[in-house]
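Welcome! Here is a short briefing to help you find your way around a structure you have not met before. Take a look at the sequence and the model, then read on.

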Amino acid sequence: VMRSEDLAAHESAWVEPISTTYRGELRLWECPPPTQGVTALMALNLLENEPAHPRMGANLLHAQSEALRFAFADALQFCANLLHAQ
């Protein structure tokens with residue numbers, strides 16, 4: 001249960017966002033690790049090489065799930081909270 005003392009003791013940190021471009025048209029921004037934002041950006045980088053799918057279908061879902069699978073695997077292996085990494 002959260003108490004008012006917990007809220008009073010909380011300190012937020014302002015961090016610089018990270019970004020990537022997608023298909024050369026968009027720049028997307030996310031919070032850096034230890035959030036999952038880097039995973040989303042890595043997945044978008046992987047999907048950039050896929051042909052554009054005009055609508056939801058099996059090929060699009062497969063490409064998205066594979067991109068997320070690889071991105072989560074890389075994030076778990078190579079990304080860390082720098083405040084707690086050794």
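The notes below go through this structure topic by topic.

Please keep in mind that this is a predicted model. A good place to begin is the largest nonpolar core, which has 6 residues in all. From there we move to helix α2, a strand residue, the backbone, the rings and the cysteines.

**The nonpolar core**
- The residues of the largest nonpolar core are Y22, A43, L47, A63, A67 and A71.
- Two elements, α2 and α3 (58–78), each give two or more residues to this core.
- Helix α3 provides the largest share of the core, with 3 residues.
- If you pick out A67, you will find A43, L46 and L47 in contact with it, leaving aside its neighbours within four places in sequence.

**Helix α2 and its surroundings**
- Helix α2 spans residues 37–47, and its buried residues are G37, V38, T39, L41, A43 and L47.
- The cover over these buried residues includes β1, β2 and α3.
- L44 also belongs to helix α2, but L44 is partly exposed, at 23% relative accessibility.
- Setting aside neighbours within four places in sequence, L44 is in contact with Y22 and L28.
- L44 and Q64 are 20 residues apart along the chain, and their C-alpha atoms are separated by 8.7 Å.

**T20 in strand β1**
- Strand β1 covers residues 18–22, and T20 is part of this strand.
- Is T20 buried or exposed? T20 counts as buried because its relative accessible area is 11%, under the 20% cut-off.
- The side chains of T20 and N45 make a polar contact at 2.7 Å.
- Apart from neighbours within four places in sequence, the residues in contact with T20 are L26, R27, L28, L41 and N45.

**Backbone details to look for**
- Most residues other than glycine have a negative phi, and most peptide bonds are trans.
- R23 has a positive phi, near 55 degrees, and is not a glycine.
- You can find R23 in the loop between β1 and β2, where R23 is partly exposed with a relative accessible area of 32%.
- P33 and P34 are joined by a cis peptide bond, with omega at about 25 degrees.
- P34 sits in the loop that runs between β2 (26–30) and α2.

**Charges and rings**
- The charged end of R27 is over the ring of W29, 5.9 Å from the centre of that ring.
- Over the ring of F70 lies the charged end of R69, 4.6 Å from the ring centre.
- As for rings paired with rings, the count is 0 aromatic pairs.

**The cysteines**
- How many disulfides does the structure hold? The number is 0.
- A disulfide is a covalent bond between the sulfur atoms of two cysteines.
- Why is C31 not bonded to C79? The closest cysteine sulfur to that of C31 is in C79, and at 14 Å it is too far for a bond, since a disulfide needs the sulfur atoms within 2.5 Å.
- C79 is likewise in no disulfide, with the sulfur of C31 as its nearest cysteine sulfur.
- C31 is partly exposed at 43% relative accessibility, and C79 is partly exposed at 29%.

Conventions. Residues are numbered from 1 along each chain as its sequence is written. This is a predicted model: local features need pLDDT of at least 70, side-chain atom pairs count only at pLDDT 80 or more; totals for chains, interfaces and linings use all residues. Side-chain values use heavy atoms; hydrogens and water are left out. Rings of Phe, Tyr and Trp (its six-membered ring) pair if their centres lie within 6.5 Å; planes under 30 degrees apart count as stacked, over 60 as edge-to-face and the rest as tilted. A charge sits over a ring if NZ of Lys or CZ of Arg is within 6 Å of the ring centre and within 35 degrees of the ring normal. Helices (H or I, at least four residues) and strands (E, at least two) are DSSP runs, numbered from the N terminus. Buried means under 20% relative accessible area, exposed over 50%, partly exposed in between (1.4 Å probe, protein chains only). A polar contact is a pair of N or O atoms within 3.5 Å; within protein, one must be able to donate a hydrogen and the other to accept it, and residues adjacent in sequence count only if both atoms are side-chain atoms. Contact means heavy atoms within 4.5 Å. A nonpolar core is a set of buried Ala, Val, Leu, Ile, Met, Phe, Trp, Tyr and Cys residues joined through side-chain atoms within 4.5 Å.
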